[in-house]
Amino acid sequence: MKKAVICGISGQDGAYLAKLLLEKGYSVCGTSRDAQMSTFNNLTRLGIRDSVKLESMSLNDFRSVLQVLSKIQPDEVYNLAGQTSVGLSFEQPVETLESIATGTLNLLEAIRFTGGKIKLYNASSSESFGDTGGKAAEESTPFHPRSPYAVAKATAFWEVANYREAYDLFACSGILFNHESPLRPARFVTQKIVSVACRIAAGSPEKLQLGNISVQRDWGWAPEYVEAMYLMLQQSEPDDYVIATGESHALKEFVAQAFATLGLDWEEHTVIDTSLYRPTEIALGKGNPAKAKEKLGWQAKYKMHDVVKMMVEAKQDKL
């Protein structure tokens, strides 16, 4: 039985990945800063809370990381931890950099220290590319991060590449474009849109307040994206991969689809609030997943319109 450690198991991707690995016969250990106090609601929602072993681990504390890896002795480690909000990173840049860049470095160093046999997946981000001039980003596209979050993710990406080359570690980065699901926290704009639209459909008089709705993103379905993470660690050689649908849509389209699914006109219920604009913003995000298709056999089945419908249906089931 293979053993996997998932750092950041309480988040959207961590929960779906845990479910996938359990289905594949893995023994799964999830980590949190304080496993005794964390609720792990997403694991409960997926019905796997009692199937996962949980350990307290602080990625910012090298000794803590080393202790858990030595105790569990995993075959694979998935690093999905760290501050996950682009918007929040402008307010908490230091915490963002430390939780992502320092945390990743501690994992790499701990794996090297223990002999380097553990395979590592690192969650990188399409945000690192910044604006690509309307072109779909691929693995060779230069990074131009435009937020503290993107700077931290770019730093972690190059840490992984360095350790792979310098110490021959099996370490991969998945450069994932936006991927959504019903497990997205409320602070994410996609979940905010779906939640407010469903409340309005149920009779709420509120308005949906949004910032820049002209930005375009490549939106996929999170349960599919964790399959790509797993596949990266099953290859004979470690490498980095862009994971995306290959399609880009404006946030306005996402909003329109959410309200249309509920039989509503989005323009009657939406207000633009310029205070929600970010200091710097990526106009268009779009990925080229050709390498993932060729090398991993992975391809996104669900596109933006599918994702919105599934999120709205899941939210309505909860109301």
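Select first the second largest cavity, which holds about 40 Å³ of space in this predicted model. Its lining consists of Val86, Phe90, Glu127, Arg146, Ser147, Arg217, Arg278, Thr280, Glu281 and Ile282. Divided by class, these residues are 3 nonpolar, 2 polar and 5 charged.

Next, display the largest cavity, whose volume is about 90 Å³. It is lined by 13 residues, and those closest to its centre are Ser126, Phe177, Ile282, Leu284 and Gly285. Here the lining comprises 5 nonpolar, 5 polar and 3 charged residues. How many cavities of 30 Å³ or more does a search of the whole structure find? The search finds 2. Rolling a probe the size of a water molecule over the atoms shows where empty space is left.

**An open site**

Turn now to the second largest pocket, with about 150 Å³ of space. To outline this pocket, select Leu69, Ser70, Gln73, Pro74, Asp75, Thr114, Lys117 and Ile118. The lining of the pocket has 3 nonpolar, 3 polar and 2 charged residues.

**The strands**

Select strand 4 (residues 76-79) together with strand 5. The two run parallel and are joined by 4 bridges. For one point of reference, place Val77 in view: it stands opposite Leu120 in strand 5. Strand 5 itself is largely enclosed by the rest of the structure, because 6 of its 7 residues are buried.

Add strand 6 to the selection. Strand 5 and strand 6 also run parallel, with 6 bridges between them. Two pairs may be labelled here: Tyr121 has Cys172 of strand 6 as its bridge partner, and Ala123 stands opposite Gly174 in strand 6.

Is strand 6 mostly covered or mostly uncovered? It is mostly covered, with 6 of its 6 residues buried. In a regular strand the side chains alternate between the two faces of the sheet. On one side of strand 6 are Ala171, Ser173 and Ile175, on the other Cys172, Gly174 and Leu176, and both sets are buried.

Then select strand 1, of whose 5 residues 4 are buried. Strand 1 pairs with strand 2 (residues 27-32) in the parallel sense, over 5 bridges. Within this pairing, Lys3 has Ser27 in strand 2 as its bridge partner.

**The nonpolar cores**

In soluble globular proteins, nonpolar side chains tend to be buried together. The largest nonpolar core in this model has 40 residues. To find the residues with the most contacts inside this core, select Ile6, Ile9, Leu17, Leu21, Tyr78, Tyr121 and Ile243. Two or more residues of this core come from each of strand 1 (3-7), helix 1 (12-23), strand 5 (119-125), strand 6 (171-176), helix 8 (222-232), strand 11 (241-243) and helix 10 (290-296). Helix 8 provides the largest share, 7 residues.

Apart from this core lies another, of 24 residues, which includes Val196, Leu208, Trp219 and Phe254.

Return to Tyr121 and show its surroundings. Which residues does Tyr121 touch, not counting those up to four places away in sequence? They are Val77, Tyr78, Asn79, Leu80, Cys172, Ser173, Gly174, Leu176, Met229, Met232 and Leu233.

**Loop positions**

Select Phe40, in the loop between strand 2 and helix 2 (41-45). Although not a glycine, Phe40 has a positive phi of about 55°. Why does Phe40 count as buried? Its relative accessibility is 2%, and the cut-off for buried is under 20%.

Move to Asp168, in the loop between helix 6 (148-167) and strand 6. Asp168 likewise is not a glycine and has a positive phi, of about 60°. With a relative accessibility of 68%, Asp168 counts as exposed, the cut-off being over 50%.

For the last stop, select Ala202, in the loop between helix 7 (189-201) and strand 8 (208-210). Ala202 counts as exposed because its relative accessibility is 64%. Then draw a distance from the C-alpha of Ala202 to that of Ala166: the two residues are 36 apart in sequence and 57 Å apart in space.

Terms used
Residues numbered from 1 in each chain as written. Predicted model: local features only at pLDDT ≥ 70, side-chain atom pairs only at ≥ 80, totals over all residues. Heavy atoms only, no water. 1 Å grid on protein atoms, 1.4 Å probe; cavity = no way out; pocket = protein on both sides within 12 Å on 5 of 7 lines; lining within 4 Å. Points joined across faces, edges and corners; volume = space filled by probe spheres on them. Nonpolar A, V, L, I, M, F, W, Y, C, P; charged D, E, K, R; others polar. Core = buried A, V, L, I, M, F, W, Y, C linked by side-chain atoms within 4.5 Å. Buried < 20%, exposed > 50% of the residue type's maximum accessible area, 1.4 Å probe, protein only. Contact = heavy atoms within 4.5 Å. Pairing = 2+ DSSP bridges.
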